[in-house]
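This report describes a single protein model in terms of its loops, core, internal space and charged contacts. The structure is shown first, and the discussion follows.

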Amino acid sequence: MTARIAAAPISWGVIEVPHWGVQLDRERVLSEMTGLGVSATEFGPGGFLPDAPAERAHVLASAGLRAVGGFFPIVLHDAARDPLPAIERELEAYVAAGADTLVLSAVTGRDGYDGVGELSEAEWGTLLANLDRALDAAAAVGVVATLHPHLGTVVEAPAAVERVIAGSRIGLCLDAGHFTLGGGDPLQLVDDHADRIVHAHLKDVSLAVAARVRTGELSYRDGVQQGMYCALGEGDARIAEIVAALRGAGYDGWYVIEQDTVIESEADAVRALENARRSIEFIRAAVAP
(Lines give C-alpha, C1' and ligand atoms only; values in the text may rest on other atoms or scores of the structure.)
Protein backbone atom coordinates (compact mmCIF):
# COMPACT_ATOMS: atom_id res chain seq x y z
CA MET A 1 0.00 0.00 0.00
CA THR A 2 1.30 3.48 -0.88
CA ALA A 3 2.15 5.46 2.26
CA ARG A 4 -0.26 8.27 3.00
CA ILE A 5 1.59 11.58 3.52
CA ALA A 6 -0.17 14.76 4.60
CA ALA A 7 0.55 18.20 6.02
CA ALA A 8 -1.03 20.27 8.79
CA PRO A 9 -1.56 24.04 9.01
CA ILE A 10 0.40 24.21 12.30
CA SER A 11 3.57 23.73 10.23
CA TRP A 12 2.73 27.17 8.84
CA GLY A 13 2.10 28.60 12.34
CA VAL A 14 -1.70 28.29 12.22
CA ILE A 15 -2.81 27.23 15.71
CA GLU A 16 -5.70 27.48 18.18
CA VAL A 17 -3.59 29.13 20.93
CA PRO A 18 -4.29 32.88 21.41
CA HIS A 19 -1.42 35.35 20.89
CA TRP A 20 0.79 32.69 19.31
CA GLY A 21 1.93 34.68 16.30
CA VAL A 22 0.86 35.77 12.82
CA GLN A 23 -1.84 33.48 11.43
CA LEU A 24 -1.21 33.15 7.70
CA ASP A 25 -4.31 33.18 5.52
CA ARG A 26 -5.59 29.86 4.32
CA GLU A 27 -5.17 30.63 0.62
CA ARG A 28 -1.43 31.02 1.11
CA VAL A 29 -1.09 27.98 3.35
CA LEU A 30 -3.08 25.66 1.10
CA SER A 31 -1.30 26.94 -2.00
CA GLU A 32 2.12 26.37 -0.44
CA MET A 33 1.09 22.85 0.58
CA THR A 34 0.12 21.91 -2.96
CA GLY A 35 3.23 23.65 -4.28
CA LEU A 36 5.24 21.13 -2.26
CA GLY A 37 3.34 18.29 -3.88
CA VAL A 38 1.19 17.61 -0.82
CA SER A 39 -2.21 16.18 -1.70
CA ALA A 40 -3.82 15.93 1.77
CA THR A 41 -4.10 18.07 4.89
CA GLU A 42 -5.53 18.14 8.35
CA PHE A 43 -8.23 20.75 8.91
CA GLY A 44 -6.32 23.05 11.27
CA PRO A 45 -7.90 25.01 14.13
CA GLY A 46 -11.38 26.46 14.22
CA GLY A 47 -11.62 29.48 11.94
CA PHE A 48 -8.93 28.37 9.50
CA LEU A 49 -11.46 26.58 7.32
CA PRO A 50 -15.19 27.37 7.20
CA ASP A 51 -17.32 25.90 9.98
CA ALA A 52 -20.11 24.81 7.64
CA PRO A 53 -19.34 21.22 6.62
CA ALA A 54 -20.19 21.56 2.93
CA GLU A 55 -18.27 24.83 2.62
CA ARG A 56 -15.24 23.33 4.37
CA ALA A 57 -15.27 20.41 1.96
CA HIS A 58 -15.57 22.78 -1.01
CA VAL A 59 -12.57 24.89 0.06
CA LEU A 60 -10.31 21.85 0.30
CA ALA A 61 -11.53 20.32 -2.93
CA SER A 62 -11.02 23.62 -4.74
CA ALA A 63 -7.45 23.72 -3.48
CA GLY A 64 -6.86 20.18 -4.73
CA LEU A 65 -6.43 18.74 -1.27
CA ARG A 66 -7.91 15.66 0.35
CA ALA A 67 -9.20 16.04 3.91
CA VAL A 68 -7.46 13.92 6.54
CA GLY A 69 -9.39 15.14 9.56
CA GLY A 70 -7.46 16.80 12.29
CA PHE A 71 -6.58 17.97 15.76
CA PHE A 72 -9.58 18.63 17.98
CA PRO A 73 -8.83 19.90 21.52
CA ILE A 74 -11.67 19.26 23.96
CA VAL A 75 -12.27 18.77 27.69
CA LEU A 76 -13.01 15.10 28.30
CA HIS A 77 -12.57 14.69 32.06
CA ASP A 78 -15.29 16.98 33.44
CA ALA A 79 -18.52 15.12 34.26
CA ALA A 80 -20.46 18.40 34.07
CA ARG A 81 -19.41 19.01 30.43
CA ASP A 82 -20.59 16.45 27.89
CA PRO A 83 -18.15 16.51 24.95
CA LEU A 84 -20.27 14.42 22.60
CA PRO A 85 -22.42 17.22 21.10
CA ALA A 86 -19.32 19.16 20.02
CA ILE A 87 -17.63 16.02 18.71
CA GLU A 88 -20.72 15.03 16.73
CA ARG A 89 -20.95 18.53 15.18
CA GLU A 90 -17.31 18.29 14.16
CA LEU A 91 -17.89 14.87 12.64
CA GLU A 92 -20.47 16.38 10.28
CA ALA A 93 -17.59 18.18 8.55
CA TYR A 94 -15.63 14.94 8.37
CA VAL A 95 -18.48 13.20 6.61
CA ALA A 96 -18.95 16.09 4.17
CA ALA A 97 -15.25 16.26 3.30
CA GLY A 98 -14.54 12.53 3.32
CA ALA A 99 -12.08 12.84 6.20
CA ASP A 100 -11.27 9.69 8.14
CA THR A 101 -9.29 10.55 11.30
CA LEU A 102 -10.37 12.58 14.36
CA VAL A 103 -7.42 13.50 16.58
CA LEU A 104 -8.65 14.29 20.08
CA SER A 105 -6.55 16.20 22.57
CA ALA A 106 -7.70 15.94 26.20
CA VAL A 107 -7.09 19.56 27.17
CA THR A 108 -7.25 20.95 30.69
CA GLY A 109 -9.68 23.74 29.85
CA ARG A 110 -7.01 26.45 30.14
CA ASP A 111 -5.59 28.35 27.18
CA GLY A 112 -2.21 27.18 25.94
CA TYR A 113 -0.04 24.20 26.80
CA ASP A 114 1.92 25.32 29.84
CA GLY A 115 1.39 23.66 33.21
CA VAL A 116 0.42 20.13 34.18
CA GLY A 117 -3.06 18.60 34.08
CA GLU A 118 -3.55 16.15 36.95
CA LEU A 119 -6.82 14.24 37.37
CA SER A 120 -8.67 12.74 40.31
CA GLU A 121 -9.79 9.12 40.12
CA ALA A 122 -13.32 10.27 39.29
CA GLU A 123 -12.01 12.49 36.49
CA TRP A 124 -9.98 9.60 35.11
CA GLY A 125 -13.15 7.51 35.00
CA THR A 126 -14.97 10.26 33.11
CA LEU A 127 -12.07 10.70 30.67
CA LEU A 128 -11.81 7.02 29.83
CA ALA A 129 -15.56 6.66 29.38
CA ASN A 130 -15.68 9.71 27.12
CA LEU A 131 -12.82 8.41 25.00
CA ASP A 132 -14.81 5.25 24.28
CA ARG A 133 -17.96 7.29 23.63
CA ALA A 134 -16.05 9.44 21.14
CA LEU A 135 -14.58 6.35 19.49
CA ASP A 136 -18.05 4.88 19.01
CA ALA A 137 -19.60 8.15 17.77
CA ALA A 138 -16.86 8.50 15.17
CA ALA A 139 -17.07 4.87 14.09
CA ALA A 140 -20.81 5.30 13.53
CA VAL A 141 -20.04 7.71 10.66
CA GLY A 142 -16.97 5.91 9.33
CA VAL A 143 -14.30 7.95 11.12
CA VAL A 144 -11.47 6.68 13.33
CA ALA A 145 -11.11 8.63 16.59
CA THR A 146 -7.67 8.76 18.19
CA LEU A 147 -6.16 10.35 21.30
CA HIS A 148 -3.13 12.60 20.97
CA PRO A 149 -0.88 12.56 24.08
CA HIS A 150 0.17 16.21 24.25
CA LEU A 151 2.27 18.43 26.49
CA GLY A 152 0.15 20.53 28.84
CA THR A 153 -2.93 18.31 28.59
CA VAL A 154 -4.27 15.68 30.98
CA VAL A 155 -2.66 12.85 28.96
CA GLU A 156 0.98 13.84 28.62
CA ALA A 157 3.35 11.51 30.47
CA PRO A 158 3.98 7.86 29.59
CA ALA A 159 2.15 6.67 32.74
CA ALA A 160 -0.99 8.51 31.62
CA VAL A 161 -0.69 7.05 28.13
CA GLU A 162 -0.41 3.54 29.60
CA ARG A 163 -3.51 4.20 31.67
CA VAL A 164 -5.43 5.18 28.54
CA ILE A 165 -4.23 2.06 26.72
CA ALA A 166 -5.34 -0.13 29.63
CA GLY A 167 -8.64 1.60 30.31
CA SER A 168 -10.00 2.64 26.91
CA ARG A 169 -10.44 1.13 23.47
CA ILE A 170 -9.28 4.25 21.62
CA GLY A 171 -6.19 4.22 19.44
CA LEU A 172 -3.31 6.69 19.72
CA CYS A 173 -1.94 9.46 17.57
CA LEU A 174 1.81 9.10 17.94
CA ASP A 175 3.47 12.50 18.13
CA ALA A 176 7.20 11.98 18.48
CA GLY A 177 7.71 15.54 19.71
CA HIS A 178 5.04 15.67 22.39
CA PHE A 179 5.71 12.16 23.66
CA THR A 180 9.39 13.06 24.03
CA LEU A 181 8.47 16.26 25.85
CA GLY A 182 6.24 14.25 28.18
CA GLY A 183 9.23 12.15 29.22
CA GLY A 184 8.63 9.19 26.93
CA ASP A 185 10.50 7.33 24.23
CA PRO A 186 8.38 7.30 21.06
CA LEU A 187 10.34 4.43 19.54
CA GLN A 188 9.66 2.34 22.64
CA LEU A 189 5.97 3.24 22.42
CA VAL A 190 5.90 1.86 18.88
CA ASP A 191 7.71 -1.27 19.97
CA ASP A 192 5.32 -1.83 22.89
CA HIS A 193 2.00 -0.72 21.41
CA ALA A 194 2.19 -0.61 17.61
CA ASP A 195 -1.27 -2.16 17.45
CA ARG A 196 -2.75 0.90 19.20
CA ILE A 197 -1.10 3.53 16.99
CA VAL A 198 -3.50 4.56 14.23
CA HIS A 199 -2.24 8.04 13.28
CA ALA A 200 1.19 9.72 13.25
CA HIS A 201 2.16 13.36 13.72
CA LEU A 202 5.79 13.67 12.71
CA LYS A 203 8.00 16.16 14.53
CA ASP A 204 11.73 16.14 14.99
CA VAL A 205 13.03 17.55 18.25
CA SER A 206 16.05 19.34 19.63
CA LEU A 207 16.46 17.58 22.98
CA ALA A 208 18.53 20.48 24.32
CA VAL A 209 15.67 22.94 23.84
CA ALA A 210 13.05 20.39 24.88
CA ALA A 211 14.83 19.88 28.20
CA ARG A 212 14.50 23.59 28.95
CA VAL A 213 10.77 23.43 28.22
CA ARG A 214 10.30 20.36 30.43
CA THR A 215 11.99 22.09 33.38
CA GLY A 216 9.89 25.23 32.94
CA GLU A 217 12.86 27.41 31.97
CA LEU A 218 11.09 28.13 28.68
CA SER A 219 7.40 28.28 27.91
CA TYR A 220 6.14 25.93 25.22
CA ARG A 221 5.83 28.80 22.74
CA ASP A 222 9.31 30.10 23.52
CA GLY A 223 10.70 26.61 23.05
CA VAL A 224 9.08 26.40 19.63
CA GLN A 225 10.41 29.83 18.74
CA GLN A 226 13.92 28.82 19.80
CA GLY A 227 14.04 25.79 17.53
CA MET A 228 12.62 22.93 19.59
CA TYR A 229 11.16 21.46 16.39
CA CYS A 230 13.30 21.16 13.30
CA ALA A 231 12.98 19.65 9.85
CA LEU A 232 12.53 15.88 9.92
CA GLY A 233 15.81 14.02 10.13
CA GLU A 234 17.67 17.03 11.52
CA GLY A 235 16.89 16.58 15.23
CA ASP A 236 17.22 14.00 17.99
CA ALA A 237 13.87 12.16 17.75
CA ARG A 238 15.08 9.21 15.61
CA ILE A 239 12.29 9.79 13.12
CA ALA A 240 13.74 7.38 10.56
CA GLU A 241 13.79 4.59 13.16
CA ILE A 242 10.25 5.41 14.28
CA VAL A 243 8.94 5.31 10.71
CA ALA A 244 10.80 2.05 10.05
CA ALA A 245 9.30 0.52 13.21
CA LEU A 246 5.80 1.64 12.23
CA ARG A 247 6.18 0.20 8.74
CA GLY A 248 7.58 -3.02 10.14
CA ALA A 249 4.52 -3.35 12.37
CA GLY A 250 2.17 -2.96 9.40
CA TYR A 251 1.08 0.63 10.11
CA ASP A 252 -1.16 1.91 7.31
CA GLY A 253 -2.31 5.28 8.70
CA TRP A 254 -1.33 8.81 7.79
CA TYR A 255 2.14 10.30 8.17
CA VAL A 256 1.39 13.95 8.91
CA ILE A 257 4.08 16.64 8.77
CA GLU A 258 2.88 18.51 11.85
CA GLN A 259 5.54 20.74 13.37
CA ASP A 260 4.49 23.59 15.63
CA THR A 261 5.90 26.86 14.30
CA VAL A 262 5.77 30.49 15.45
CA ILE A 263 5.57 33.04 12.65
CA GLU A 264 6.13 36.71 13.43
CA SER A 265 7.61 37.92 10.14
CA GLU A 266 7.84 37.11 6.46
CA ALA A 267 11.29 35.63 7.12
CA ASP A 268 9.68 33.21 9.59
CA ALA A 269 7.07 32.24 6.99
CA VAL A 270 9.77 31.55 4.40
CA ARG A 271 11.70 29.46 6.93
CA ALA A 272 8.55 27.47 7.80
CA LEU A 273 7.99 26.67 4.13
CA GLU A 274 11.60 25.52 3.75
CA ASN A 275 11.33 23.31 6.85
CA ALA A 276 8.15 21.79 5.46
CA ARG A 277 9.86 21.15 2.12
CA ARG A 278 12.80 19.36 3.75
CA SER A 279 10.48 17.36 6.00
CA ILE A 280 8.32 16.20 3.11
CA GLU A 281 11.40 15.15 1.14
CA PHE A 282 12.61 13.21 4.19
CA ILE A 283 9.37 11.32 4.79
CA ARG A 284 8.96 10.50 1.10
CA ALA A 285 12.39 8.90 1.13
CA ALA A 286 11.69 7.12 4.44
CA VAL A 287 8.52 5.43 3.19
CA ALA A 288 9.70 4.75 -0.36
CA PRO A 289 9.20 1.09 -1.42
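## Loop residues with positive phi

In this predicted model, Arg 238 counts as partly exposed because its relative accessibility is 36%, a value between the 20% and 50% limits. Arg 238 belongs to the loop that runs between strand 9 (229-230) and helix 10 (239-248). Its phi angle is near 55 degrees, which is a positive value in a residue other than glycine.

His 19 also has a positive phi in a residue other than glycine, here near 60 degrees. The loop that holds His 19 lies between strand 1 (4-7) and helix 1. The relative accessibility of His 19 is 80%, and His 19 therefore counts as exposed, the limit for that class being over 50%.

## The nonpolar core

In soluble globular proteins, nonpolar side chains tend to be buried together. The largest nonpolar core of this model comprises 96 residues, and Val 155 and Met 228 are those with the most contacts inside it. Helix 4 (residues 121-139) gives the most to this core, contributing eight residues.

Which residues are in contact with Val 155, leaving aside its neighbours within four places in sequence? Ahead of Val 155 in the numbering, the contacts are Ala 106, Trp 124, Leu 127, Leu 147, His 148, Pro 149 and His 150. Beyond Val 155, they are Ala 160, Val 161 and Val 164.

## Internal space

Rolling a probe the size of a water molecule over the atoms shows where empty space is left. How many cavities of 30 Å³ or more are counted? The count comes to one, and the space in the largest cavity is about 170 Å³.

The lining of the largest cavity consists of 15 residues. Those that lie nearest its centre are Ile 10, Val 14, Glu 16, Phe 71 and Glu 258. By residue class, the lining divides into eight nonpolar, three polar and four charged residues.

## Salt bridges between separate elements

The structure holds 21 salt bridges. One of them joins Arg 28 to Glu 266, with the closest N and O atoms 2.9 Å apart. Arg 28 lies in helix 1 (residues 26-35) and Glu 266 in helix 11, so this pair ties together parts that are 238 residues apart in sequence. Both partners fall between the limits for buried and exposed: Arg 28 is partly exposed because its relative accessible area is 24%, and Glu 266 is partly exposed because its relative accessible area is 46%.

A salt bridge also forms between Arg 56 and Glu 90, where the closest N and O atoms are 3.2 Å apart. Arg 56 is part of helix 2 (residues 53-63) and Glu 90 part of helix 3 (residues 84-97), so the pair ties together parts 34 residues apart in sequence. Are Arg 56 and Glu 90 buried or exposed? Both residues are buried. Glu 264 and Arg 221 form another salt bridge, the closest N and O atoms being 2.7 Å apart. This pair links distant parts of the chain, with Glu 264 in the loop between strand 10 (254-257) and helix 11, and Arg 221 in helix 9 (residues 220-225), 43 residues apart. Glu 264 is partly exposed, with a relative accessible area of 45%.

## Helix 11 and its surroundings

Helix 11 spans residues 266-286 and includes Asp 268. With a relative accessibility of 14%, Asp 268 counts as buried, because the limit for that class is under 20%. When residues up to four places away in sequence are not counted, Asp 268 touches Val 262 and Ile 263.

Arg 278 is likewise found in helix 11. A network of salt bridges links Arg 278 with Glu 234, Glu 274, Arg 277 and Glu 281. Its relative accessible area is 26%, and Arg 278 is therefore partly exposed. Apart from neighbours within four places in sequence, Arg 278 is in contact with Ala 231 and Glu 234. Arg 278 and Leu 36 are 242 residues apart in sequence, and their C-alpha atoms are 9.8 Å apart in space.

How values were computed
Residues are numbered from 1 along each chain as its sequence is written. This is a predicted model: local features need pLDDT of at least 70, side-chain atom pairs count only at pLDDT 80 or more; totals for chains, interfaces and linings use all residues. Side-chain values use heavy atoms; hydrogens and water are left out. Helices (H or I, at least four residues) and strands (E, at least two) are DSSP runs, numbered from the N terminus. Buried means under 20% relative accessible area, exposed over 50%, partly exposed in between (1.4 Å probe, protein chains only). Contact means heavy atoms within 4.5 Å. On a 1 Å grid over the protein atoms alone, a cavity is a set of points where a 1.4 Å probe fits but cannot get out, and a pocket is an open set with protein on both sides within 12 Å along at least five of seven lines; lining residues have an atom within 4 Å of a point. Grid points are joined across faces, edges and corners, and a volume is the space filled by probe spheres set on the points. Ala, Val, Leu, Ile, Met, Phe, Trp, Tyr, Cys and Pro count as nonpolar, Asp, Glu, Lys and Arg as charged, and the others, Gly among them, as polar. A nonpolar core is a set of buried Ala, Val, Leu, Ile, Met, Phe, Trp, Tyr and Cys residues joined through side-chain atoms within 4.5 Å. A salt bridge is a side-chain nitrogen of Lys or Arg within 4 Å of a carboxyl oxygen of Asp or Glu.
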